[in-house]
Amino acid sequence: MHHKAKKLLESMYKLGRVPSSLLFFGKEGVGKKTVAFDFAKALLCMKRTFPACNDCPSCFHMNEFSKKPVEELRVYSDTSTGRKVFLYLQGDHPDFIYLQPEKDEIKIDQIRGVIDFVNLRPALSPKKVVLVWPAEAMNPYSQNALLKTLEEPPEDTHFILVCNMLDRILPTIRSRSYTVEFEELSEEDIKKLTGIEDRVILSLSEGSITKAKELSQKSHIIDMAKKVLSGSVLDVYKLSTQLENLSYEDQKLFLHTLEAMLHKKMLENKENYEIYERLIDRTVLVSDNLKRGLKLSLFVFYLKILLSEVV
Ligand SMILES: [Zn+2]
């Protein structure tokens, strides 16, 4: 998984040519953050090995960092007006900071904090690392403030910016950074990384670990969709009340699952193509009109009747 991205990072590391700013991008939930953290650990490792040795004091502090609850890592600063502002996350490693938004935005005060950190000498490791996630949370002021630092990169500091939406990063930042693309994970990768074996969940996860995990927590909804397609009329009858009692989001998920499963059946079952096509259209229509009081219980019966025409 991420063979390309990891190989690229490994060769940069081994050649001693790691750019001062790296920009990781790719879909949410494909493991960018994990790779970024591991790479930061390798950059900071006192034995200078790739992957990191996991044995030196630097690696020890990095491993501790990832175990601690976020509240214990939060660093604040007082502004000249006496206001307390959140800066970044930092554990006991003096040369590593993790910049993230407090709510939705990474503000310019936080970038000032980062610049103060950049101006220090490394205290433990050969380098310092600033990990920024999600990088698109930096508003344009913050991005511009950071840009000044990226334009005159301090020799001993690496920035790893991680984002899902590359178009929300200023072109000037992008051109100062080495971009590393992360591809979607295959179903096999997700299976290995999460231990999830349900084929429907894997196929609905769209290459994202986050999504696969969310779906597996809601496997009862996926089971409902499976039952509607392959269960008896009595099964569907039993389900109908449960369906009405689901939250709006869960009803949406139910319909989305149904749609994906019907789609798969349509492709496997060419002679009934038209029936499946009609069912998919109806499912999408119901999903779009869910808020207008359409009854899911009636819809699943309709669906079951149409399915009985499938030869
Ligand atoms: Zn180490």
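**Exercise 1. State what share of the chain is buried, and describe how its contacts are distributed along the sequence.**

Solution. Buried residues account for 33% of the 311 residues in the chain of this predicted model. The criterion for burial is 20 or more other C-beta atoms within 10 Å of a residue's own. For the contacts, consider those between residues at least 6 apart in sequence: 67% of them join residues at least 24 apart.

**Exercise 2. Compare the radius of gyration of the chain with the value for a compact globule of 311 residues, and give the spans along the principal axes.**

Solution. The reference comes first: a compact globule of 311 residues would have a radius of gyration near 19 Å. The chain itself has 25 Å. The spans of the C-alpha trace along the principal axes are about 75 × 45 × 35 Å.

**Exercise 3. Determine which domains are assigned to the chain and how far apart their C-alpha centres lie.**

Solution. The domain assignment places domain 1 at residues 3-183 and domain 2 at residues 218-307. Between the C-alpha centres of domain 1 and domain 2 the distance is 44 Å.

**Exercise 4. Count the helices and strands, then characterise the pairing of strands E2 and E3.**

Solution. The chain contains 14 helices and seven strands. Strand E2 covers residues 74-78 and strand E3 covers residues 84-89. Their pairing is antiparallel and extends over five bridges. Within this pairing, Arg74 is opposite Leu89 of E3. The two strands, E2 and E3, form a hairpin, with five residues between them. In the turn, Gly82 has a positive phi of about 85°.

Terms used
Residues numbered from 1 in each chain as written. Predicted model: local features only at pLDDT ≥ 70, side-chain atom pairs only at ≥ 80, totals over all residues. Helix = DSSP H or I, 4+ residues; strand = E, 2+ residues; numbered from the N terminus. Rg over C-alpha atoms; globule rule 2.2 N^0.38 Å. Buried ≥ 20, exposed ≤ 12 C-beta atoms within 10 Å, placed from the backbone. Contact = placed C-beta atoms within 7 Å. Pairing = 2+ DSSP bridges. Domains from an automatic or database assignment.
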